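Me: Please take one packing contact in this structure and go through it closely. Then work outward to the parts around it and to the rest of the fold.

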Amino acid sequence: LTQTGKDERGIPQFAANPGGAPANLAVAASKLGAKTAFIGKVGADAFGRYLTDVLNENGVDASHVAVDADHPTTMAVVSVDAAGERDFSFYRNFGADVFLEKEDINADIIKNSRIFHFGSLSLTAEPARSTTEYALDIAKKAGCTVTYDPNYREPLWKDKATAIEMMKLHLDKVDILKIAKDELLMLFGGREESAVKAVFSYGVKIILVTDGAKGAALYMKNAHIALPAEKVNTIDTTGAGDIFFGTFLSEWINNKSTAYNITPETAEKYLKKAIYVAGKSTEKHGAIAALKEI
């Protein structure tokens, strides 16, 4: 539920925007030409049906979305301030996405994919945590390029120390990391350069660091590319990082890139497009909804 403004009495108004970080990414990649599928779990309710329909309507294979008859679809309430920045509240303790089980995973869809993407919010609680690790293991054995976006949402973690531990836990299995600058520094401390070196020590091959209105940077072993943000009239930054990464990965897939044939010059083109599409998305409310005109 994303705040869209206030009525004449000053009461906040909210729109039921479909989202969730990996789903936002999948839709962005799909809209830009990649073939994508989503694995997750929704409740047997109107919101769950709506989310599944939205994925299908946007070209994402939603046949691997499980339906939970015992738990409702998870909900995030996103309040937005005058600068378009977000504040999150979650209704998730008994939300369906937390109850994703290993039995809900179709291993073949992972084995037949070039990229396997996951986020850190599926690591906050069981059984979704073990299920994510199970799917990640399948992806590594299948030779998928593994991509990861560690989002820190304080209300969803027991404490900050646990969040840092879990967000770093599987970096040794990651090929491409997309991370916001403040989260990078939260995980590794120090300055951006030293934190990037720490990430590379895990074996990560490409690091994308986003910094909101300041732009984004790409790091490879022998390259550092920083580009400014797009000049836009921002009203809502919800999902911008997911759209950024989805755009980058669509370019990666469409051009048959690998971690071994990518050049800094090609990576810079992907980065430039990702910044442009993500920036334009902030001129509209919501995440998936903002992608309609791409």
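Reply: Start with helix 8 and helix 9. On the helix 8 side, the contact uses Ala240, Ile243, Phe244, Thr247, Phe248, Glu251 and Trp252. On the helix 9 side, it uses Ala267, Tyr270, Leu271, Lys273, Ala274, Ile275, Val277, Ala278 and Ser281. By class, that gives 12 nonpolar, 2 polar and 2 charged residues. The charged ones are Glu251 from helix 8 and Lys273 from helix 9. The polar ones are Thr247 and Ser281. Keep in mind that this is a predicted model.

Now the geometry. The axes of helix 8 and helix 9 (residues 264–281) lie 8 Å apart, at an angle of about 145°. The crossing is right-handed. The loop between these two helices holds Lys256. Its phi is near 55°, a positive value in a residue that is not glycine.

Helix 8 has another partner, helix 1. The axes of helix 1 (residues 21–31) and helix 8 (residues 240–254) come within 7 Å and cross at roughly 40°. Helix 1 is therefore oblique to helix 8. This crossing, too, is right-handed. From helix 1 come Ala21, Asn24, Leu25, Ala28 and Ala29. Helix 8 answers with Asp242, Ile243, Phe245, Gly246, Thr247, Leu249 and Ser250. The split is 7 nonpolar, 4 polar and 1 charged. The charged residue is Asp242. Compare the two contacts of helix 8: Ile243 and Thr247 take part in both.

Next, the sheet. An open sheet is built from 6 strands in the order 9-10-11-12-13-14, with mixed pairing. At the edges sit strand 9 (115–119) and strand 14 (223–227), each paired on one side only. On average, neighbouring strands are turned by 15° against each other, direction ignored.

Look inside the sheet at strand 11 and strand 12. Strand 11 (residues 176–180) runs parallel to strand 12 (residues 206–210), and 5 bridges join them. One named partner is Ile206, which bridges to Ile176. Helix 6 (residues 181–188) packs on the sheet and touches both strand 11 and strand 12. Its direction makes about 100° with that of strand 11.

Helix 6 also meets helix 7. The axes of helix 6 and helix 7 (residues 192–200) come within 9 Å and cross at roughly 70°. So the two helices are roughly perpendicular to each other. Here the crossing is left-handed. Lys181, Leu184, Leu185 and Phe188 of helix 6 contact Glu192, Ala195, Val196, Ala198 and Val199 of helix 7. The residues divide into 7 nonpolar, no polar and 2 charged. Those charged residues are Lys181 and Glu192.

Back to the edge of the sheet for the aromatics. The structure holds 5 aromatic pairs. One of them is Phe118 with Tyr148, 4.4 Å centre to centre and 15° between the planes, a stacked arrangement. Phe118 lies in strand 9 and Tyr148 in strand 10 (residues 145–149), so this pair, 30 residues apart, links distant parts of the chain.

One backbone feature remains on this side. Pro127 is in the loop between strand 9 and helix 4 (128–142). The peptide bond leading into it from Glu126 is cis, with omega near 5°.

To recap the part you asked about: helix 8 packs against helix 9 at about 145°, and it crosses helix 1 at roughly 40°.

Conventions: Residues are numbered from 1 along each chain as its sequence is written. This is a predicted model: local features need pLDDT of at least 70, side-chain atom pairs count only at pLDDT 80 or more; totals for chains, interfaces and linings use all residues. Side-chain values use heavy atoms; hydrogens and water are left out. Two strands pair if DSSP finds at least two bridges between them. Helices (H or I, at least four residues) and strands (E, at least two) are DSSP runs, numbered from the N terminus. Axes are lines fitted to C-alpha atoms, for helices over the stretch in contact, and angles run from 0 to 180 degrees between N-to-C directions. Contact means heavy atoms within 4.5 Å. Angles under 35 degrees count as roughly parallel, over 145 as roughly antiparallel, 65 to 115 as roughly perpendicular and the rest as oblique. A crossing is left-handed if the near helix is turned anticlockwise from the far one by less than a right angle, and right-handed if clockwise. Rings of Phe, Tyr and Trp (its six-membered ring) pair if their centres lie within 6.5 Å; planes under 30 degrees apart count as stacked, over 60 as edge-to-face and the rest as tilted.
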